Amino acid sequence: MRRCVIFDLDGTLTASDEGILNCVRHTAQVMGLPLPTSEMEQKMIGPPLLWSFTQLLGMTQQQALKGIEVYRERYNRVGLFENRVYPGIRTLLRMLKMKGDWVAIATGKPTGASRRIIEHFQLNEYFDCIEGLRDDDPPGKEGLISRILPPDCSEALMVGDRKYDIDGGRKAGCRTVGVGFGYGTEQELREAGCDLYAPTVDALIELLCPGMARPLGAFLSMEGLDGSGKTTQMHLLTEALTRYGYEVITSREPGGCPISEKIRQIILDPENSEMEPVTEALLYAAARAQHVREVIQPAVTAGKVLLSDRFVDSSIAYQGGGRELGTEQVASLNAVALDGTLPLCTVYLDIRHEEALRRRYAASQPDRLEREADSFHARVEAAYHQLIQSAPERFVVVDASLSEEEISARCAEQVLARLHAQEVAADG
Ligand code: TMP
């Protein structure tokens, strides 16, 4: 006998408003109608399209039917994927799987579209069943829930963000959990009679898996020459991973916590021009030692994805290569700082040092390291390439001369694949 946990999809596992509203705007544009106001848009999440198009956008019945076609064409092509998995949901699903629960989705969306969304977000192995309402189902979710519950169910829970979920769950004999991070209000869910209420994903995890340790998260880093576009890509990668339901924390080196930020100021201060290369290397390692223990390790233990702008590879490339201290000396000097912590994967934004220099001078006033002669940056670039050759499995190398969108798409695709492979391996 197993515990069975059934989730609603929209507003419970994923936020779907972005895709829905983009499709509504597209429909209005194609049909030559004015774009909906934000007040109208608010009212469009939830009700049937026919109602929204006629009552809110002022379409005739005939126009609305044509509008639904236009809407569906875009929705099935792109709107489906303009979804966001609520941060932490991925962790919850992993934990339910570890507990051995039977886990399902019961949604008002068509089954095919729901399965495509779940597959797209690399969540399918966490579900035993994904089902939408069928034409022959009675209205409401009761019939759907009763249809999918397996015979060996010891206890059934229905989790959802709207009264329809609570109502359907109760009628099908489930205990019901209302969630406060979707599209319904607490009042709506309480009035519908939910047995339990979780205002956040964290609270939902505590309700469904009380006292259970979270699965480990992951540590990622991003590297590249100054001027490689790292700052922009850090931002875009964070956005992409968050959309997939990862709880991402960004940090940077040197820095990332108060002590290490103070060390950063000493290292990068243009007045410290007499700093010895070995002093510089030790300061970077000292800042790292604090960052690893105070920020990186606790984040991974708490199930988060920690993305660091630079890590030990920067020391190997800049101090080992650029300052000519040698790769091995810098690696051994960092061994104590690392405490065995290495990134699951490292994105390297690959740019020629001449091009990086051109971009740096076009962008801003360079700091102490950025002011180094071009030969310094040529050595840094060569050291990075050597590092990548020595550990190809850890690096995701992306050509930084491509467009911002293309770089970001390639980074996200490869990093998501690594994260997913790690989860599958860890969860068995
Ligand atoms: P940032 O501009 O990417 O924040 O990095 C600050 C500078 O510090 C950059 O020029 C690279 C350099 N650096 C090293 O030389 N060694 C290191 O270990 C790290 C983390 C950064």
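Begin by selecting the ligand in this predicted model together with its surroundings, where 14 residues form the shell and the closest are Tyr-284, Arg-288, Arg-310, Ser-315 and Gln-319. Colouring that shell by class gives five nonpolar, three polar and six charged residues.

Next, show the side chains that face oxygen atoms of the ligand. In Arg-310, a side-chain N or O atom is 2.7 Å from an oxygen atom of the ligand, while Arg-264 places a polar side-chain atom 3.0 Å from a ligand oxygen, and a polar side-chain atom of Asp-226 likewise lies 3.0 Å from an oxygen atom of the ligand. If you then switch on the surface, the ligand taken alone exposes 480 Å², of which the protein buries 94%.

Now display the helices that line this site: helix H12 (258–268), helix H13 (277–301) and helix H14 (312–322) are the elements that give two or more residues to the shell, and H14 supplies the largest share, four residues.

From there, move to the sheet, selecting its five strands, which form an open, parallel arrangement in the order S10-S11-S9-S12-S13. At the edges are strand S10 (248–252) and strand S13 (395–399), each of which pairs on one side only, and the twist from one strand to the next averages 20°.

Zoom in on strand S9 (residues 218–224) and strand S12 (residues 345–350), whose parallel pairing runs over five bridges; within it, Glu-223 has Tyr-348 of S12 as its bridge partner.

Finally, add helix H17 (residues 374–390), which lies across S9, S12 and S13 and runs at about 140° to S12.

Conventions: Residues numbered from 1 in each chain as written. Predicted model: local features only at pLDDT ≥ 70, side-chain atom pairs only at ≥ 80, totals over all residues. Heavy atoms only, no water. Near = heavy atom within 4 Å. Polar contact = N/O pair within 3.5 Å; in protein donor to acceptor, adjacent residues only side chain to side chain. Areas by Shrake-Rupley, 256 points an atom, 1.4 Å probe, with all protein chains shown as cover. Nonpolar A, V, L, I, M, F, W, Y, C, P; charged D, E, K, R; others polar. Pairing = 2+ DSSP bridges. Axes fitted to C-alpha atoms, helices over the stretch in contact; angles between N-to-C directions. Contact = heavy atoms within 4.5 Å.
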